[in-house]
Each structure stands twice: as structure tokens, then as C-alpha cells.
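Work through the exercises below with the sequence and the model open side by side. Each task is followed by a solution that proceeds step by step.

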Amino acid sequence: MTAVPIAPTPITKVRGAHEPISHDSAVGHVTGRAIYLDDMPTPHNLLEAALVLSPHAHARVKRIDFTRALAAPGVVATVSAKDIPGKNDIAPILRNEPALAETAEYAGHPIAAVAADTLDHARAAAALVDVEYEPLPAVLTVEEAMAQRSYVSPAQTMARGDAAAALTSAPMRLKGELRCGGQDHFYLEGQIALAIPGEERDMQVFSSTQHPTEVQHGVAHLLGLPFNQVTVEVRRMGGAFGGKESQATIYAGIAALLAWKSRRPVKLRLARDDDMCATGKRHPFLIRYDIGFDAVGHILALDMVLAANAGNIADLSPPVVTRALCHADNCYFIPHVSLVGLACKTNTVSNTAFRGFGGPQGMFAIETLLDIVARKLDMPLEALRRCNYYGPAPRDVTPYGMTVEDNIIDKVVGQLESAVDLKGWREKVAAFNKTSPVVKKGLATVPVKFGISFNLPSLNQAGALVHVYTDGSVHLNHGGTEMGQGLFIKVAQVVADAFKIDISKVRVSATNTGKVPNTSPTAASSGSDLNGMAALAACEQIKSRMAEVAAKKFHVPAAEIRFAEGRVFARNDSMEFGELAELSWRKRVSLSSTGYYRTPKIHWDFKTGTGRPFYYFTYGAAAAEVAIDTLTGELQVLRVELLQDCGKSLNPAIDMGQIEGAFVQGMGWLTTEELWWDKDGRLRTHGPSTYKIPGSRDVPAVFNCRILADSPNREHTIFRSKAVGEPPLMLALCVWLAIRDAIASAADHRAIPQIDAPATPERILMAVDDVRAGMPR
């Protein structure tokens with residue numbers, strides 16, 4: 001009798017970490033099936049809300065009369081600061097930052113709110129609220145605030161060596177000032193919240209927020225509740241970029257107040273105009289500098305003041321200023337340095353987190369300064385940079401005392417310059433300019449070193465919850481939030497990789513404070529680092545239990561159990577992952593676990609401005625070619641080349657999207673996105689007709705993006721990957737520097753351009769006129 005061979009169990013390739021897998025909601029995004037907060041089924045008896053905003057930049061609210069509003073059709077409830085049962089304070093880090101103001105401190109400040117049966121009725125009734133104001137003097141600019149010493153927090157300092165003495169002895173020295181503007185987040189989905197009162201005093205809040213725990217705390221403070229009576233949930237946001245880290249709490253809190261007063265569900269969603277007037281933005285900065293250097297390009301000393309327009313309250317301005325100071329060195333060792341950071345209090349909207357969180361402004365300062373120095377010395381900017389890069393000890397310590405241990409900037413810049421033939425590219429640009437009297441081209445590069453971690457060490461922690469079901473499917477919940485950046489798919493890939501099952505077996509549920517408590521915001525580019533490691537920790541606990549079950553079944557040591565290709569192997573035996581899950585349940589072994597992670601090594605002393613605020617750095621380099629019309633100031637970005645360090649990328653497809661999107665957003669900040677307030681402190685660029693974000697035609701025709709190959713993170717991050725959300729935004733500084741180069745070429749590089757960001761057509765035209773008028777080097 002002939003033995004029939006048994007066919008081996010087919011092995012199916014499973015998709016996990018490092019695979020270019022599509023965003024989990026990609027199809028939903030493009031078909032409209034993805035459910036955002038405003039798409040949720042309408043709760044019974046839902047009320048819609050509208051805000052009453054101050055028209056004054058600074059005014060005392062003397063009286064609020066709701067009589068006409070309450071008599072309007074459909075109106076059910078109104079609230080002002082006097083109606084708050086708890087404490088009118090939703091400050092994220094300091095104190096006394098109200099949800100509803102009793103003294104308006106900017107034009108657009110929420111004063112009151114109305115809830116009615118329809119949105120149209122609510123908005124009509126809000127216009128009928130009578131408010132008597134007593135106008136007060138307003139501080140509207142950074143210069144005014146500095147003159148009056150008006151700050152939302154104490155000045156921050158960072159120093160090394162003796163900057164004053166080194167400046168005095170420096171062979172060459174330049175002084176001046178620069179400005180970079182703010183930027184509206186312009187998320188596709190505006191600020192929105194839905195509050196549903198429950199039994200007793202419980203409150204369920206659905207919020208478009210990056211920080212569910214902060215919303216939970218803010219609502220609890222306003223209503224006078226313990227945290228466990230407020231549950232906050234967010235499945236996805238239609239964009240955030242930092243604008244929903246702290247600011248979302250205001251609108252969730254007001255919705256909850258109206259729900260508490262009416263005992264009915266309340267939805268508050270802002271119209272675009274109101275959203276832009278009432279919410280904070282990227283901080284504009286005024287930068288004053290005094291820089292010393294020698295004839296061969298060594299930067300010897302720097303004394304710099306970075307003054308941020310914080311707006312009316314602290315919000316997140318103090319740590320934004322800290323991060324600006326921590327990135328004012330970028331890739332360069334400066335032996336003698338004195339940095340001062342000011343968070344200036346003005347009667348404008350409270351500025352807040354925005355992608356990069358102060359880092360872009362700090363890098364804007366140092367990169368513009370190096371461009372000025374290089375032009376003063378008639379020296380290639382790339383050569384001047386190489387003179388000043390961080391290097392071996394003792395040139396490897398930042399002004400805040402952190403040793404740069406993972407420096408690969410030479411490698412990154414070298415690869416980019418080689419890949420794009422920078423020398424040949426520059427020769428082509430120069431040749432074009434010789435024959436073109438009206439249109440002038442510019443070419444520039446930029447290196448980037450960006451620190452990863454929250455500056456506040458306590459935020460560098462995360463939790464996750466993982467369930468394995470008896471059919472082998474996995475449920476994942478963690479404290480991170482999804483705002484389109486692909487965090488959910490990345491953490492799901494981590495879980496799939498941990499169990500060696502296909503990504504299709506992993507389901508991620510909405511972020512919920514009732515499942516994973518005490519979460520940190522999804523910000524600082526740390527979402528994957530923190531939540532991925534927490535999820536992995538949970539998976540490893542479940543795997544170890546399942547391995548014990550398999551070991552007993554197959555009579556082998558647990559150390560020999562191997563998970564792979566959707567199966568569990570014990571020497572020559574194996575079973576499907578789902579079969580082992582079923583067996584583990586029958587053996588009464590828990591298939592559920594929490595996971596926790598805290599970032600190691602980091603520490604920070606706020607008083608001295610020293611420590612190790614970052615776990616590691618990411619690196620990148622970029623080059624851009626632009627053309628300007630010297631008769632109109634019109635700008636066109638012609639070609640961009642990017643190279644970004646992502647470590648061992650968790651998902652190259654998602655990371656590529658983040659790199660491209662961040663770059664274009666940074667380009668908008670530096671070129672088209674101008675915020676303009678009138679003399680009374682009212683924002684006049686509060687819609688797409690007056691505020692210009694980059695469109696499809698603004699994206700460079702030649703736009704090449706690369707991820708640095710074979711460069712895993714030296715630190716023990718999740719599968720040796722690196723953060724990617726924020727760092728590529730600063731690569732857009734190459735466009736800013738290329739614009740400066742094009743302007744300089746209009747006068748054969750005989751003068752140093754004087755221009756502030758954003759480089760609008762008007763500013764470009766004025767700068768061209770200045771260099772042609774013979775402004776000296």
C-alpha cells in the first residue's frame with residue numbers, strides 16, 4: 001500500500017508593520033461613507049447651538065439680556081458665564097482661562113450661547129442677544145506688548161558661554177529683526193461637539209478633539225463633576241493640525257453647559273467664519289538678533305529674542321516658546337548663545353498648538369540668519385552650514401544641554417545633493433537668470449533636525465487595551481486620536497505584527513476616556529511612538545499567556561512557541577491563531593490586556609531651560625526652485641526635492657502622505673497664508689475668499705519625495721521607526737530661502753533681501769524694489 005503524502009499547511013503572507021498599507025478609512029474618506037461627528041445619527045430631542053461673539057478686542061461685559069433671544073422661535077436654553085455651575089476655567093496648563101468670558105479679550109471671544117430646535121433658529125436667536133459692553137484699551141501687536149511688558153507667562157532663557165563677550169570680540173557682527181506670520185489651521189471639519197446628558201449628572205461628549213482627556217477635564221470643571229461622570233469619545237477628525245488640542249475643549253464645554261441646562265442633547269458646530277475668528281492659530285513671531293561670525297563662516301555667538309504673539313491667554317504658548325528656543329539651533333553648534341523667549345499678551349485670539357509647535361519659527365530664525373550671513377560673506381549657504389554643523393565632542397551639545405547622539409545630517413544632506421545634482425541644478429538656474437530680465441529664479445536647500453517628545457515629560461506616556469476574540473479577530477483601543485494622519489492603521493499594524501496575523505483581523509475602535517483613561521494629546525508627532533508601544537505591551541502579555549496554552553498542548557517549552565503567518569508553531573506542529581484563541585478561552589485564560597508605555601531618558605528643568613527634552617531627533621533635507629515675476633510679485637514653486645528620515649518606517653505609504661502634506665502646509669505658511677487684523681483688532685481674513693491656503697495649482701509641478709533608506713532609529717522606538725507628522729513641515733523653509741535667492745538675483749546678488757514671511761506678492765515686489773534700489777550688504 002502506497003503512503004499518500006500529507007500536503008503541508010499553506011502559508012499565507014500576512015500584512016503587518018513596515019508594509020505600505022492604505023489608510024483604514026481611505027475608501028470612506030473618498031466615498032463619503034466615513035462617519036464624522038456631524039454625520040452621526042441625530043439623538044432624540046437634539047438641540048443645535050450658536051455662539052454670541054464679542055465684536056470688541058477688549059471690553060467689559062456689563063449686561064447680557066436674553067429676552068429677545070428666548071422669545072425667538074425654537075429657542076430652549078441660553079447660557080453665559082453666570083450660568084456655569086462649576087468653575088469657569090478650562091486652562092490646559094495654567095489657570096483662569098474661561099470658556100465664556102465676562103471680560104472680552106479679543107474680537108471673537110465667546111460671551112454667550114443659545115440652543116434651539118434648529119441650527120438656523122439658534123443662529124438667528126444668537127443675533128438677538130443684547131450685550132452691553134464697556135470698551136477698554138487694547139494691546140494689538142507684539143511691539144506694544146513688549147513695550148508694556150505684557151506677557152502671559154514669565155520670560156524663558158537658554159544660554160551657553162558668554163554671548164555678550166563673544167559678540168564684542170567677533171570679527172564680524174550683524175543686528176536686525178525678522179518676522180514670520182501666523183497660520184490658520186483651516187481643517188476641513190470645523191470645531192464641533194455633541195453633548196448628551198445621561199442618568200443623574202453623567203455627561204457623554206462626542207468631540208472633534210486631539211485630546212479627549214482634556215475635554216473630559218474641562219467639561220467636568222465647568223459642570224462641577226468628578227472626571228468619572230464625563231465620558232468623551234472621538235472616532236475621527238476631519239483634520240486638526242494642533243487646532244483641536246486645547247481649543248476643542250471650549251466648544252465641547254459650551255455644548256455640555258447647554259445640555260446640562262436643557263437636559264437635552266446639544267450639538268455645537270462653528271461656521272467657518274466664526275471658527276476662524278474665535279479659534280487660535282500658529283503664533284506669529286518677532287525675532288531680534290545680534291550674530292557674530294568670522295570671515296570663513298564660523299558662527300561665534302548669537303544673542304536672539306524670540307517674541308511670540310500669544311494672544312489673550314497662555315493656552316499652550318509657554319511650551320510653544322520653549323520648543324521654539326529648542327529649535328533655534330536647528331543643525332548647528334553655536335559656542336556662545338543667549339536665547340530669550342517671550343509669550344506676549346495681546347488682545348487677539350489666543351494662539352495655540354500648530355504642527356511643529358514653535359519649531360518652525362525657531363528654524364525660520366536661524367535659517368534666515370545663516371542666509372543673511374552667507375550673503376554678507378558672498379559664500380555658498382551650503383558651505384557656511386557645513387562649517388557650523390553639530391559634530392564630534394565637544395561640538396555635539398545643544399544650548400539646552402542635550403547631547404546630539406544620533407547626528408546623521410551630513411548623510412542626509414549628502415544624499416539629497418547627490419541625488420538632485422545640486423551643482424548642475426544651480427548652474428541652470430544661474431544661466432536662466434542671465435537671460436531673463438523680468439522672471440527670476442531662485443534655488444535653495446534646507447537641512448532639518450527636529451526633536452521628538454513632549455517638552456512636558458509627564459505627557460510622554462500612553463495606554464492601550466487589546467482583546468483577542470475566540471475566532472482570532474482582535475479589538476484594539478488606545479489613547480491616540482485619528483485626524484487623518486493614519487495613526488489608527490499604524491498601531492493596528494503593530495498589533496498585527498505582534499500576533500503575526502493579517503491586518504484585516506485587527507479592528508480599531510473610537511478613542512474613549514472610558515476605555516483608556518488619562519490620555520495624552522495626540523500631538524508632538526508622538527502618536528505612533530507612544531500608542532504603538534503601549535499596544536505592543538498589551539499584545540506581548542496576551543501572547544505570553546497564549547504561548548503557555550500552546551506549550552501545554554504540544555508538550556514543548558513556552559519559549560519554543562512561535563507565532564507566524566497567522567498560525568502558532570511548536571516544532572513540527574501548528575494550529576491557526578484563532579484555534580489557539582478558542583483553546584485559551586476553554587482553558588480559562590484571559591485574552592484581554594491593557595498595555596502601558598512611558599518614554600525613557602527624557603527630563604526637563606523649566607527654570608534653567610536645560611535637560612533632555614527629546615528622546616531622539618529626526619532629520620531631513622530639501623531643495624526648491626522657484627520663479628518670481630519682478631513686475632507683479634507673483635510666485636511659482638517649480639520643483640521640490642525632499643528627503644525625510646523616518647527610521648524604519650511603520651508604513652511608507654502613510655509616511656509619504658504625511659511628508660508631502662506637511663511640506664505643502666509649511667509652504668502655505670511661508671507664502672500665501674496671511675492673517676490680517678484691522679486697527680480695531682478684528683480679523684479680516686476669516687474665510688477662503690480672503691485667506692489663501694495652497695491649492696492644487698500651488699503644488700510644484702516637479703515634486704519628488706523620498707524616505708531615507710536603511711536608517712533605523714538608534715533608540716528603542718516602536719520597531720525602530722521615527723515620527724513623521726511635524727518634521728517635514730520645516731522642509732518648506734527651502735521655498736522661503738529660494739524666494740530670498742530669487743529676490744537677490746533681481747539685483748545680481750549685490751544686496752541682501754529684506755522680507756518678512758509670508759512672502760506674499762506684495763512683499764516680494766517691495767523686496768525686489770529694495771534690492772534694485774541698491775540696499776547694501
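**Exercise 1. Examine helix α10 and the residue that follows it: what is the sign of phi at D378, and how many residues of α10 are buried?**

Solution. In this predicted model, D378 comes just after α10 and takes a positive phi of about 55°. Turning back to the helix itself, α10 covers residues 359-377, and its 19 residues reach 27 Å from the first C-alpha to the last, close to the 27 Å expected at 1.5 Å a residue. The final step is the burial of the helix, which is mostly covered, with 18 of its 19 residues buried.

**Exercise 2. Treat helix α7 in the same manner: what span should its 15 residues have at 1.5 Å a residue, and which residue follows α7?**

Solution. Begin with the expected length, using 1.5 Å times one less than the number of residues. For α7 (residues 248-262) this gives 21 Å, and because the end C-alpha atoms are 21 Å apart, the model agrees with the expectation. Next, consider accessibility: 13 of the 15 residues of α7 are buried, and the helix is therefore described as mostly covered, given that buried means under 20% relative accessible area. Lastly, the residue that follows α7 is R263, with a positive phi near 60°.

**Exercise 3. Locate the largest nonpolar core and state where it lies relative to the domains: which helix gives the most to this core?**

Solution. First, the domain assignment of the protein chain gives domain 1 (406-459 + 612-777) and domain 2 (461-598), and the C-alpha centres of these two domains lie 40 Å apart. Their contact takes 23 residues from domain 1 and 21 residues from domain 2.

Second, the largest nonpolar core has 170 residues, and M304, F364, F499 and F663 are those with the most contacts inside it. Helix α15 (residues 527-554) gives the most to this core, contributing 14 residues. Since domain 1 and domain 2 both give residues to the core, it lies between them.

Third, take F499 as a local view: setting aside residues up to four places away in sequence, F499 touches V466, V468, V474, C539, I542, K543, F563 and F577. Apart from this core lies another, of 39 residues, with L47, I84, L100 and L258 among them.

**Exercise 4. Classify the aromatic pairs F333–Y390 and F614–F617: what geometry do the rings adopt?**

Solution. A search of the whole structure finds 13 aromatic pairs. For F333 and Y390 the ring centres are 6.3 Å apart and the planes stand at 70°, so the pair is edge-to-face. To place this pair in the chain, note that F333 lies in the loop between α9 (317-326) and β15 (336-345), while Y390 lies in the loop between α11 (381-388) and α12 (409-420); the pair therefore ties together parts that are 57 residues apart in sequence. F333 and Y390 are both buried.

The pair of F614 and F617 is likewise edge-to-face, at 5.9 Å centre to centre with 65° between the planes, and both of these residues are buried. Extending the search outward from this pair, ring pairs link Y400, W604, F606, F614 and F617 into a cluster.

**Exercise 5. Compare the surroundings of E715 and E405: is each residue buried, partly exposed or exposed?**

Solution. E715 lies in the loop between β29 (702-707) and α18 (733-745), and because its relative accessibility is 11%, E715 counts as buried. The side chain of E715 makes a polar contact of 3.3 Å with the side chain of R612. Leaving aside neighbours within four places in sequence, E715 is in contact with E405, K601, R612, Y615, Y616 and R720.

E405 is found in the loop between α11 and α12, and at 48% relative accessibility E405 counts as partly exposed. With the same exclusion of sequence neighbours, the contacts of E405 are R612, R714 and E715.

**Exercise 6. Describe the setting of N433: which backbone nitrogen does its side chain reach?**

Solution. N433 has its place in helix α13 (residues 422-435), and its relative accessibility of 11% is why N433 counts as buried. The side chain of N433 reaches the backbone nitrogen of K441 at 2.7 Å. Not counting residues up to four places away in sequence, N433 touches V439, K440, K441 and S745.

How values were computed: Residues are numbered from 1 along each chain as its sequence is written. This is a predicted model: local features need pLDDT of at least 70, side-chain atom pairs count only at pLDDT 80 or more; totals for chains, interfaces and linings use all residues. Side-chain values use heavy atoms; hydrogens and water are left out. Helices (H or I, at least four residues) and strands (E, at least two) are DSSP runs, numbered from the N terminus. Buried means under 20% relative accessible area, exposed over 50%, partly exposed in between (1.4 Å probe, protein chains only). A polar contact is a pair of N or O atoms within 3.5 Å; within protein, one must be able to donate a hydrogen and the other to accept it, and residues adjacent in sequence count only if both atoms are side-chain atoms. Contact means heavy atoms within 4.5 Å. A nonpolar core is a set of buried Ala, Val, Leu, Ile, Met, Phe, Trp, Tyr and Cys residues joined through side-chain atoms within 4.5 Å. Domain bounds come from an automatic or database domain assignment. Rings of Phe, Tyr and Trp (its six-membered ring) pair if their centres lie within 6.5 Å; planes under 30 degrees apart count as stacked, over 60 as edge-to-face and the rest as tilted.
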